[in-house]
Structure formats: structure tokens, C-alpha cells
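Colleague: I am new to reading protein models and would love a close look at one part of this one. Could you take a single buried charged residue, show me what it pairs with, and then walk outward from there?

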Amino acid sequence: MPEYMRLSGAALVVLLTGCAVGTPYQQPITALPEQWPLSDMHADAAQQDWQHWWQQYQDPHLDHLVSLAMQDNLDLRLQLSRIREAHARLGLSQADKRPSISAQADAARERSAADLTPAGQTGLNNQFAVTGVLSYELDLWERLAQEQDAAQALLAQSEYAHHALQLNIVADLVATYFDFRNAERQQGITEATIASREETLRLEQLRYQMGQSDELSLRQAESELQSALAQLPVQRERVRVLEGALAVLTGMSPAALMDALNYGDTRLDQIRLPEVIPALMPAELLQRRPDIRAAEAGLMAAHARIGVAEASRFPSFSLSALLGTRGLEVDDLFTGGAAAWGLTAGLIGPLIDFGRTQARIESAEAQAEQAEIQYQSSVQLAFNEVRDALVIYQTRAERTEAVRRQEAAYQRTLELAEIRYREGLIGFIEVLDAQRALMSAQLALSEAMRDQLIASATLFKALGGGWQAES
């Protein structure tokens with residue numbers, strides 16, 4: 001083989017195998033802490049499946065609401081539609097790498113100029129053709145491969161965004177549910193207080209009629225009752241509003257939303273607070289947080305689009321093949337002499353585009369820079385959320401215990417005040433003060449219990465919930 005042919009063959013191999021543009025994607029380097037602050041809060045977490053983390057509260061009514069939200073929440077259904085769109089775009093990019101085959105049938109009738117036809121021949125002509133065409137673009141610079149990589153990354157971004165949205169909706173639902181149970185508990189406390197104060201007022205009326213009490217004590221008992229009654233409508237309103245919020249999160253229809261809503265009879269104090277949370281090292285957060293994974297997938301797509309833009313600098317090479325039959329009559333199409341074929345190779349590329357290609361490359365590079373900044377911002381925000389959630393998780397537990405001790409102290413204070421009042425050692429005002437303080441402590445304890453439960457749900461969300469990356 002002549003030397004120039006060997007050199008040409010080698011050059012062709014390099015051309016076909018070594019012409020990829022762009023650079024391989026590398027995950028941005030991020031400085032991560034070695035461990036979490038207050039890491040002892042979850043270092044001893046049992047190894048178990050936390051994927052359905054809301055089940056740790058052991059409330060079947062909550063589990064049912066989450067199941068409804070997973071199926072019917074409108075935001076989740078919208079995101080699933082976006083995933084299907086991204087999947088279709090990926091299929092389109094994959095198809096672009098393969099040949100296309102098309103079929104064409106033509107029928108034509110024309111009249112030629114009389115001066116151009118031989119004497120004695122008509123100027124009318126028929127022509128029929130049936131043709132199959134195969135077209136294929138050689139991906140010399142891996143432009144099509146880069147477009148497929150970008151489409152694949154965008155599909156992954158849509159899927160991770162769905163997981164992130166799912167996590168947010170479940171966390172919002174859990175927090176709203178705890179707030180709803182707290183509103184119910186506070187309404188119950190107020191109703192019990194009203195019943196107690198009605199009894200107190202009845203006794204004071206008897207004492208007043210018997211001359212054992214003055215009108216001031218009677219009016220004070222009446223005013224305390226009216227004060228409790230004034231709080232009840234606001235609390236009932238709060239319960240109804242939260243019922244509607246839960247209905248929207250679970251995707252109920254307008255008709256169902258207008259009906260009487262029933263979320264079971266679980267009491268706030270019956271909800272089990274998880275004793276431990278899953279152990280997780282800071283570096284694992286990059287893989288567990290779906291919003292971080294979505295941001296990284298967006299960065300990968302932007303990086304691939306740089307390669308697509310760079311590939312537009314170079315010419316594209318396409319091949320096409322034609323096979324068919326042609327004839328002057330339909331009956332002649334499939335005879336031996338009607339066969340026709342052809343092969344075509346085409347090369348087209350930019351020569352002078354007045355900076356269009358360079359502008360596309362610079363635009364793609366700027367978009368990739370923005371995507372990297374967005375990724376770094378997502379990581380920063382995620383770690384700050386975990387830091388805050390850990391602090392709140394601990395302080396809310398401490399506050400709940402403190403308020404619980406306070407409520408017990410006020411309960412004992414009221415008991416002693418009532419005893420001393422019956423013995424005539426103190427006035428009625430001291431009993432009313434003790435009742436008022438106990439009610440405030442009971443309401444505060446209910447809020448503290450709710451806040452502690454919400455803090456645990458917020459921590460689960462910050463740690464990525466139960467989301468697990470697909471292998």
C-alpha cells in the first residue's frame with residue numbers, strides 16, 4: 001500500500017475517533033465539614049429504612065394523608081408531566097443519532113413546449129416514481145452525543161426535581177397536620193376551661209346568694225368565663241382553615257373540599273416523636289438532597305451544551321442513499337428497467353458567520369457558569385438548613401420539657417389555691433389567677449409539643465428525608 005494511502009487512512013481514523021469537542025464533566029469541589037454540630041443528636045440512630053420517614057410518628061391518619069398527597073397532589077402531577085416531556089426529548093436526541101428512512105411517491109403530468117418536441121409527438125408526458133431514501137449524519141465531533149448527554153441530564157434534573165417537590169410537599173403536609181392537631185388540642189383545652197369556669201361561676205352565684213361572697217367575685221368569675229368564650233371562635237376558625245390546607249395538599253377535588261372533612265381522632269399527645277434520626281455524614285448530603293442532585297444535573301446539561309456549541313464550529317458530514325423505481329406509466333414502475341438508485345455524500349460547515357458560532361459558545365459557557373453558581377448556592381443553602389434544623393430540633397425539645405414542668409407546677413398551684421380558698425385563707429382573685437395561668441401553660445405546652453414535632457419533620461426534610469437515589 002502506498003505511503004500516502006496509509007497516512008490518509010490513519011488521518012481518517014483520527015478524524016472519526018478523536019474529534020470530540022468539549023471537556024469531560026467534573027463535579028465542582030466544595031469544602032464540606034467533617035461532622036455536624038450537635039452530631040450526638042443522631043449519631044446513635046438505628047440502621048433501618050427511613051425512606052417513609054413520616055411513618056416514624058406512628059399515626060395511621062397521617063400515613064393515609066401522605067398517601068393521598070403522593071397520588072393526587074396537583075403540583076406533583078404537574079412535575080410528572082414535565083418528566084414525561086423530558087423523557088420524550090431524550091428519545092428525540094437518541095433518534096437523531098440513528099439513520100432516518102423515508103418513502104416518497106410522486107406522480108407528475110406536464111406539457112412540454114411544442115417547439116421543443118419532435119414532430120409528430122405529443123407535448124404531454126407522465127412520470128411516476130416510488131422512492132425510498134436513507135439519510136444519516138456522521139457524528140464526527142460528537143455533537144449529537146453531546147445533545148443526548150444534555151437531554152439525559154435534563155431528564156435526571158426533572159426526576160430529581162420531582163423528588164425534591166415530593167419531599168417539600170410531604171414535609172409541608174406533616175407540619176400542617178401537626179399544626180392542625182395542635183389547633184384541635186387548644187380548642188379542647190379552651191372548651192374544658194369554659195366548662196370549668198361555668199361551674200366556678202355557678203358556685204359563685206350560689207355563694208353570692210347565700211351571702212358568702214361579694215358581687216366583685218361574682219363579676220370576676222363571669223368575666224373570666226366570657227374571656228374564655230371569646231377565644232373559642234378564633235380557635236374553631238383555625239381548625240377549619242387548617243382542615244382546608246390539608247385538603248389542598250392532599251389534592252382533594254373542589255366537591256370533596258366543600259364536604260365535611262374528617263382526619264381521624266388522633267390527639268396531639270398520641271403522636272410518637274421519633275427518638276432518633278438517621279445517621280448521616282455531611283458528605284452524604286450531596287447525594288441525599290434531591291434539590292442538590294437536580295442542580296448538579298442542570299450543571300451537567302449546561303456543560304454538555306458547551307460541547308454542542310463548540311461542535312458547530314466544524315463541518316457536518318451526511319450520507320444519503322436512494323433506491324426506487326421510475327416509469328412513464330404506473331404499470332412500468334416495478335419492471336426490471338425501472339429501478340433507480342443513488343448515493344450522496346455531503347459536507348457543509350460554517351465559513352463566515354460573523355461571530356454567530358463564537359456567540360453561541362460564549363452563551364453556553366455563561367449558562368454553565370450560572371448553573372455552577374446555582375449548584376454551589378444549593379449546597380450552601382442545604383447545609384445552612386441542616387445547621388438551623390439541628391439547633392431548632394434541640395432547643396424545641398428543651399423548651400417542651402420546660403413548659404411541661406411549668407404546666408405541672410401551675411396545675412399544683414391551682415389545686416392548692418382552691419383548697420385554701422375553700423378554707424377561707426385566700427380570696428377568689430388568687431384562684432382566678434391560678435386558673436388563668438394554668439390555661440396559658442396548657443396552651444403553651446400544646447404549642448411546644450407541636451413545635452417539637454415540626455422541628456423533627458424539618459430536620460428530616462433538611463437531611464433529604466427518606467429520598468434515596470436510584471441506582
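Modeller: Let's begin with Glu224, which is buried, its relative accessible area being 10%. Please keep in mind as we go that this is a predicted model. Residues count as buried when their relative accessible area is under 20%, so Glu224, at 10%, falls in that class.

What does Glu224 form a salt bridge with? The partner is Arg197, and the closest N and O atoms of the two are 3.5 Å apart. Glu224 belongs to helix H5 (residues 215–249) while Arg197 belongs to helix H4, so this salt bridge ties together parts that are 27 residues apart in sequence. And is Arg197 buried or exposed? Arg197 is buried, with a relative accessible area of 3%. So here you have a salt bridge with a buried Glu224 and a buried Arg197.

Now stay in helix H5 and look at another pair. Arg219 forms a salt bridge with Glu222, with 2.9 Å between the closest N and O atoms. Arg219 and Glu222 are 3 residues apart in helix H5, so about one helical turn separates them. How accessible are these two? Arg219 has a relative accessible area of 44%, which makes it partly exposed. Glu222 is partly exposed too, at 30% relative accessibility. Try finding both pairs in the picture: Glu224 reaches to Arg197 in helix H4, whereas Arg219 and Glu222 both sit in helix H5.

The chain holds further bridges, and the count comes to 20 salt bridges. One of them joins Arg450 and Asp451, whose closest N and O atoms are 3.0 Å apart. Arg450 and Asp451 are both buried. Salt bridges that share partners link Asp179, Arg238, Arg450 and Asp451 into one network.

Next, follow helix H4 itself, the home of Arg197. Helix H4 spans residues 143–209, and Leu203 is found in it. At 41% relative accessibility, Leu203 counts as partly exposed. Together with Leu206 and Met210, Leu203 forms a nonpolar patch on the surface, and the three have about 290 Å² of accessible area together.

Helix H4 also takes part in the interior. The largest nonpolar core has 35 residues, and those with the most contacts inside it are Trp53, Tyr57, Val174 and Phe178. Helix H2 (60–72), H4, H5 and helix H10 (428–462) are the elements that give two or more residues to this core. Which of them gives the largest share? That is H4, with 10 residues. Notice that H4 and H5, the two helices tied by the Glu224 and Arg197 pair, both appear among the contributors to this core.

With these helices in view, let's step back to the whole chain. The chain has 10 helices and 4 strands. Reading from the N terminus, the elements run α-α-α-β-β-α-α-α-α-α-β-β-α-α. Of the 471 residues, 37% count as buried.

Where do the strands go? They form an open sheet of 4 strands in the order E1-E2-E3-E4, with antiparallel pairing. Strand E1 (100–111) and strand E4 (339–348) are the edge strands, each pairing on one side only. From one strand to the next, the twist averages 20°.

You can trace this sheet pair by pair. E1 and strand E2 (residues 124–138) are joined in the antiparallel sense over 12 bridges, and Asp106 has Ala129 in E2 as its bridge partner. E2 then pairs with strand E3 (residues 316–327) over 11 bridges, again in the antiparallel sense; here Thr131 has Gly324 in E3 as its partner. Finally, 10 bridges join E3 to E4, which also run antiparallel, and Thr325 is matched with Ala339 in E4. A handy rule while you look: in a regular strand, side chains alternate between the two faces of the sheet.

One last stop is Arg387, which has its place in helix H9 (residues 356–422). Arg387 is partly exposed, with a relative accessible area of 48%. In sequence, Arg387 and Ala462 are 75 residues apart, yet their C-alpha atoms are 8.8 Å apart in space.

Definitions and conventions. Residues are numbered from 1 along each chain as its sequence is written. This is a predicted model: local features need pLDDT of at least 70, side-chain atom pairs count only at pLDDT 80 or more; totals for chains, interfaces and linings use all residues. Side-chain values use heavy atoms; hydrogens and water are left out. Patches are made of residues with over 30% relative accessible area and no salt bridge: like charges are joined within 9 Å, nonpolar side chains (Val, Leu, Ile, Met, Phe, Trp, Tyr) within 5 Å. Accessible areas come from the Shrake-Rupley method with a 1.4 Å probe; for residues, only the protein chains shown count as cover. A salt bridge is a side-chain nitrogen of Lys or Arg within 4 Å of a carboxyl oxygen of Asp or Glu. Buried means under 20% relative accessible area, exposed over 50%, partly exposed in between (1.4 Å probe, protein chains only). Two strands pair if DSSP finds at least two bridges between them. Axes are lines fitted to C-alpha atoms, for helices over the stretch in contact, and angles run from 0 to 180 degrees between N-to-C directions. A nonpolar core is a set of buried Ala, Val, Leu, Ile, Met, Phe, Trp, Tyr and Cys residues joined through side-chain atoms within 4.5 Å.
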